[in-house]
Amino acid sequence: MASEKILGYLDSHRDEHVDQLVEFLKIPSISSQSDHDQDTRRAASFVADELKELGLAVEVVDLGGHPLIYAETEIRPDRKTLLFYGHYDVQPVDPLDLWDTPPFEPRIENGIIYARGACDDKGQVYTHIKALEAYVRQGIELPVNVKFIIEGEEEAGGESIYKYTEQNAEKMACDAIIVSDTALYNETTPGICYSLKGLAYMEIQVTGPAMDLHSGSYGGTVQNPGNALAEIVAKLKDEDGRCLVPGFYDDVLELDQEERDGFAELGYTDEILCKETGASAAFGEKGFTTLERMWARPTCDVNGLLSGYGGEGAKTIIPANAMAKVSMRLVPNQEPEKIAKAFTDYVLSIAPAGVKVEVIDHHGANPVLVPRKSDMMKAGMSALEQGFGAKPVFIREGGSIPIVGTFQKCLKSPVLLLGYGLSTDNIHSPNEKFHLDNFWRGARTSAILMEEAAKQG
Ligand code: BES
Ligand code: MN
Ligand code: MN
């Protein structure tokens, strides 16, 4: 078996691989901020150069946004093909003052690397590159054809990868799509994720008087945009945590008994939730357990709420406007467009008189459901078990990876969501981190997966 040599290589190059990851993490490739456009290009080159050095044919594709990297090994028709997806772009870093050390000066402490992108998603992408490197440097023939598609617009809702996938489905043809951009179940148990939530992201703008007004002179005479928005927001959900948008639950695919039992067996408790989040109690839609709500119930949440004066002391005004950003996380088989329309219609129908209310549909993502029983799923389970030394459990995920639905539709291949992060790795937050053990185990898993996938019928 080849794997001894492969795993030996990964073990003996751990420090070197971490040093290289540090260099990758130093690049501030924030996709949503245009002053970082040179940095996203550098991050793309970093990935492209590594893949070129490993002998892959590499394309850096510019479709008007941030560059997309497509790469493949020599394609032999007698081998299975794995397509690895990931993203090199990262989230903005603010609030900067809450970082213990600067986000793009990676720090390693107690076996944990801290930096923006460490877990989401550079560290996870890098596990696959290092797994491939092990084969190439050991001169061991790859058990599968390997393709990579690594994008730089995942965090910014970019279009490039959609266009590319729609136009290059044949080139990207594969037996499985491997995505490492989610989390383990917990520190000791790997998980194989079989569902991602989708997303409808909305903004409500309320416009009142032409300017902020003295709240004494004009209070009680005109509609207050802050109050009006509060009324709207208050009607988005009832006190049992159910969303009041008409039709919101119509297409929701209910959990089956096996899934409910599986979730219950995991033993997740509200104490764990409170410890992870710092919240004082669990809350959410009545009639469902915390894990059911987290993984399989749609949500409707204010993500931002602004109106009037928020500075020091008091300032007596009727604000001229108010705005709210609201995200709805969707589950199979809800459709983002349909939900966005239902939300817009509802908000406009409950808009108080005397203000102008507008609703903007920002972006959406389709939910994802992967069959739990397939040969590739077996390969993924086996690879995770060997790579992490523990049996994986089936999990779902509350986050979204927008392109995955399009992959399913255009490429028609099974998707394997093999996440190596932890829910507590602070992705999108200050002090994002990645446990080096999970980085190394992830690389082992990826290398083993190539063998396991090759074995499937
Ligand atoms: N890697 C995340 C998705 C994710 C989030 C996985 C939480 C596991 C746990 C991905 O990079 C992400 O942030 N997705 C966005 C998509 C959105 C911008 C359309 C998300 O879920 O908010
Ligand atoms: Mn990600
Ligand atoms: Mn992210």
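**Exercise 1. Decide whether H87 is buried or exposed.**

Step 1: H87 has a relative accessibility of 0%. Step 2: apply the cut-offs, where buried means under 20% relative accessible area, exposed means over 50%, and partly exposed falls in between (1.4 Å probe, protein chains only). Step 3: H87 therefore counts as buried.

Before going on, a word on what you're looking at. This is a predicted model, in which local features need pLDDT of at least 70 and side-chain atom pairs count only at pLDDT 80 or more, while totals for chains, interfaces and linings use all residues. Residues are numbered from 1 along each chain as its sequence is written, chains are lettered from A and ligands numbered from 1 in the order in which they are written, and side-chain values use heavy atoms, with hydrogens and water left out.

**Exercise 2. Work out which residues coordinate the manganese ion (ligand 2), and what they connect.**

Step 1: collect the donors, meaning N, O and S atoms within 2.8 Å of the metal (3.2 Å for Na, K and Ca); water is not among the atoms, so sites may look incomplete. The protein supplies H87 through NE2, D120 through OD, and D181 through OD twice, at 2.0 to 2.3 Å.

Step 2: check the angles. Four donors are tetrahedral if all angles lie between 85 and 135 degrees; four are square planar and six octahedral if opposite donors are over 155 degrees apart and all others between 65 and 115; anything else is irregular. Around the manganese ion (ligand 2), six donor atoms subtend angles of 58 to 170°, so the arrangement is irregular.

Step 3: look along the chain, where the donors of ligand 2 follow the spacing H-x32-D-x60-D. H87 sits in strand β3 (residues 81-87) and D181 in the loop between β7 (176-179) and β8 (191-196), so this pair ties together parts 94 residues apart in sequence. (Helices, H or I with at least four residues, and strands, E with at least two, are DSSP runs numbered from the N terminus.)

Step 4: finish with burial. D181 has a relative accessible area of 12%, so it is buried.

**Exercise 3. Do likewise for the manganese ion (ligand 3), and find which residue bridges it and ligand 2.**

Step 1: the protein donors to ligand 3 are D120 (OD), E155 (OE, twice) and H428 (NE2), at 2.0 to 2.7 Å.

Step 2: the six donor atoms span angles of 53 to 154°, which makes this site irregular.

Step 3: D120 is the bridge, and the two manganese ions (ligand 3 and ligand 2) lie 3.5 Å apart.

Step 4: in sequence, the donor residues of ligand 3 read D-x34-E-x272-H. D120 is in the loop between β5 and α4 (122-138), and E155 in the loop between β6 (145-151) and α5 (160-167), so the pair joins parts 35 residues apart in sequence.

Step 5: both D120 and E155 are buried; for D120, the relative accessibility is 6%. Another spot to click on is D89, which is 31 residues from D120 in sequence and 8.6 Å from D120 in space, C-alpha to C-alpha.

**Exercise 4. Describe how the protein surrounds ligand 1: which residues come nearest?**

Step 1: count a residue as near if one of its heavy atoms lies within 4 Å. There are 14 residues around ligand 1, and E154, D181, R329, S400 and H428 come nearest.

Step 2: sort the shell. Ala, Val, Leu, Ile, Met, Phe, Trp, Tyr, Cys and Pro are nonpolar, Asp, Glu, Lys and Arg are charged, and the others, Gly among them, are polar. That gives three nonpolar, five polar and six charged residues around ligand 1.

Step 3: list polar contacts, i.e. pairs of N or O atoms within 3.5 Å (within protein, one must be able to donate a hydrogen and the other to accept it, and residues adjacent in sequence count only if both atoms are side-chain atoms). Oxygen atoms of ligand 1 pair with the side chains of E155 at 3.1 Å, R329 at 2.8 Å and H428 at 2.8 Å.

Step 4: alone, ligand 1 exposes 510 Å², and the protein buries 87% of that. The areas come from the Shrake-Rupley method with a 1.4 Å probe; for residues, only the protein chains shown count as cover.

**Exercise 5. Where do the backbone oddities N110 and P95 lie?**

Step 1: recall that most residues other than glycine have a negative phi, and most peptide bonds are trans.

Step 2: N110 has a positive phi of about 50°. N110 is in the loop between β4 and β5 (112-114), and its 74% relative accessibility makes it exposed.

Step 3: the D94 to P95 peptide bond is cis, with omega near 0°. P95 belongs to the loop between β3 and β4 (107-109).
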